[in-house]
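This report looks at one sheet with its helices, and at two residues set elsewhere in the chain. Keep the sequence and the model in view while reading.

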Amino acid sequence: MLTIKDVAKHAGVSVSTVSRVINNVENVSPEIQQKVQFSIKELGYIPNNAARSLVQRQTNAITVLLRNLHSSYFSELIRGMEEAAFSSGRNVLFYSLGKDPAYRDQSIQFLTNGVSDAIILYGPLYTDQPVIEHLYSINFPFLLIENNFQSPKTNQFLVKNYEGAYSAIEYLFSKKHRRIAYFMGNPNKKVYLDRFNGYTTAMADIGLVIHDGYLSTIYDSKQAYEAAQKIMRQPKETRPTAIFCCNDQVAAYAIMGITDMGYQVPKDISVLGFDNQKLPLDNYTGPRITCVRQPLYEMGRDSIFAINDILDGVAKLPLVRSYDTNLAEYGTVCEPEE
């Protein structure tokens with residue numbers, strides 16, 4: 001029967017060093033970690049259940065961490081992940097992190113203690129930095145979707161949100177809109193800051209003015225509804241002819257606020273979203289929302305294949321990939337009336 005001494009002898013290190021590697025203790029150089037892990041795999045040594053999951057990945061499970069599993073926004077992302085997991089033979093666990101930092105941290109500790117081989121985190125919040133730093137510090141395999149951390153260097157999939165927002169303004173300009181408002185989401189989310197910067201830069205480059213009352217920060221659906229109604233109360237000759245929204249849900253509630261006042265979209269004002277959500281949005285019954293499409297299905301599918309490559313040691317790290325957006329024209333944008 002193999003023992004820890006056999007591993008130490010094979011790797012040319014001390015027994016205590018092997019123990020530190022198995023238990024993921026710090027103060028072991030990457031070179032020594034790699035040497036010990038190679039010996040463990042080469043010899044087929046299995047110390048215990050927790051170590052087995054860490055060094056040989058016997059759980060065969062990947063955990064996907066989402067903020068809210070119940071959100072229709074994630075439907076395409078999850079569909080892509082499920083299909084890729086089926087073809088790859090991996091088990092995928094979907095886990096809601098919620099909003100409580102204490103629960104989030106407790107969940108990370110649980111999942112990295114022999115429950116899962118790797119983590120995919122859809123984490124657009126800047127406040128997720130402690131999670132990312134912890135995963136990095138314990139050398140646990142993970143991949144970020146939609147959060148760009150430069151230090152430490154991480155594996156990440158990113159949507160070109162800045163470029164997508166920029167192209168949205170160019171599209172509205174091509175439709176003869178010159179007064180364009182923007183509904184921005186929570187500034188704690190990187191994706192919304194990127195889209196805001198794309199909007200402001202495009203407006204400046206094209207030569208369009210962002211007038212007072214054209215910018216609104218939206219934290220919930222009610223605010224989107226009320227902000228749209230506030231815009232419609234402006235004099236027709238000065239109010240925006242189009243509203244660019246940070247996501248489709250905000251766009252949906254903006255449209256509901258507009259139509260509840262007796263106006264029509266896009267006849268009286270155009271509304272452009274971002275996401276291309278396919279499932280119904282709450283109580284929204286209006287026309288399908290013209291939007292910037294981001295490839296959530298493709299990102300979900302590719303993330304499973306990528307984490308497989310990371311676990312198998314065939315991916316060049318850090319693994320960074322960017323995804324283009326494109327305009328999806330449906331029924332909420334038209335040229336403004338003269």
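Which backbone oxygen does the side chain of Ser116 reach? That of Ala118, at 2.8 Å. This is a predicted model.

## Ser116 and its surroundings

Ser116 sits in a loop. Helix H6 (101-111) comes before this loop, and strand S3 (118-122) follows. The relative accessible area of Ser116 is 2%. Buried means under 20%, so Ser116 counts as buried.

The Ser116 side chain also has a side-chain partner. It makes a polar contact with the side chain of Thr63, at 3.0 Å. Beyond four places in sequence, Ser116 touches Thr59, Ala61, Ile62, Thr63, Leu111 and Phe140. Thr63 is thus named twice: as one of the residues touched and as a polar partner.

## The six-stranded sheet

Six strands form an open sheet. Their order is S7-S6-S8-S9-S10-S12, and the pairing is mixed. Why is one side of S7 and of S12 left without a neighbour in the sheet? Strand S7 (215-217) and strand S12 (326-328) stand at the edges, and each has a single partner strand, so one side of each stays unpaired in the sheet. On average, neighbouring strands are turned by 25° against each other, direction ignored.

Strands of a sheet pair through backbone hydrogen bonds, in either the parallel or the antiparallel sense. Strand S8 (residues 242-245) and strand S9 (residues 270-275) take the parallel sense. Three bridges join S8 and S9. In one of them, Ala242 has Ser270 of S9 as its bridge partner.

## Helices on the sheet

Helix H9 (residues 190-206) packs on this sheet. Helix H9 touches strand S6 (180-184), S7, S8 and S9. The direction of H9 makes about 165° with that of S6.

Helix H11 (residues 248-259) lies across S6, S8, S9 and strand S10 (291-293). Helix H11 runs at about 160° to S9.

## Ile32 in helix H3

Ile32 belongs to helix H3 (residues 30-43). Its relative accessible area is 25%. Buried ends at 20% and exposed begins over 50%, so Ile32 is partly exposed.

Which residues does Ile32 touch, leaving aside those up to four places away in sequence? They are Val13 and Thr17. Ala227 lies 195 residues from Ile32 along the chain. The C-alpha atoms of Ile32 and Ala227 are separated by 58 Å.

Key:
Residues numbered from 1 in each chain as written. Predicted model: local features only at pLDDT ≥ 70, side-chain atom pairs only at ≥ 80, totals over all residues. Heavy atoms only, no water. Pairing = 2+ DSSP bridges. Helix = DSSP H or I, 4+ residues; strand = E, 2+ residues; numbered from the N terminus. Axes fitted to C-alpha atoms, helices over the stretch in contact; angles between N-to-C directions. Contact = heavy atoms within 4.5 Å. Buried < 20%, exposed > 50% of the residue type's maximum accessible area, 1.4 Å probe, protein only. Polar contact = N/O pair within 3.5 Å; in protein donor to acceptor, adjacent residues only side chain to side chain.
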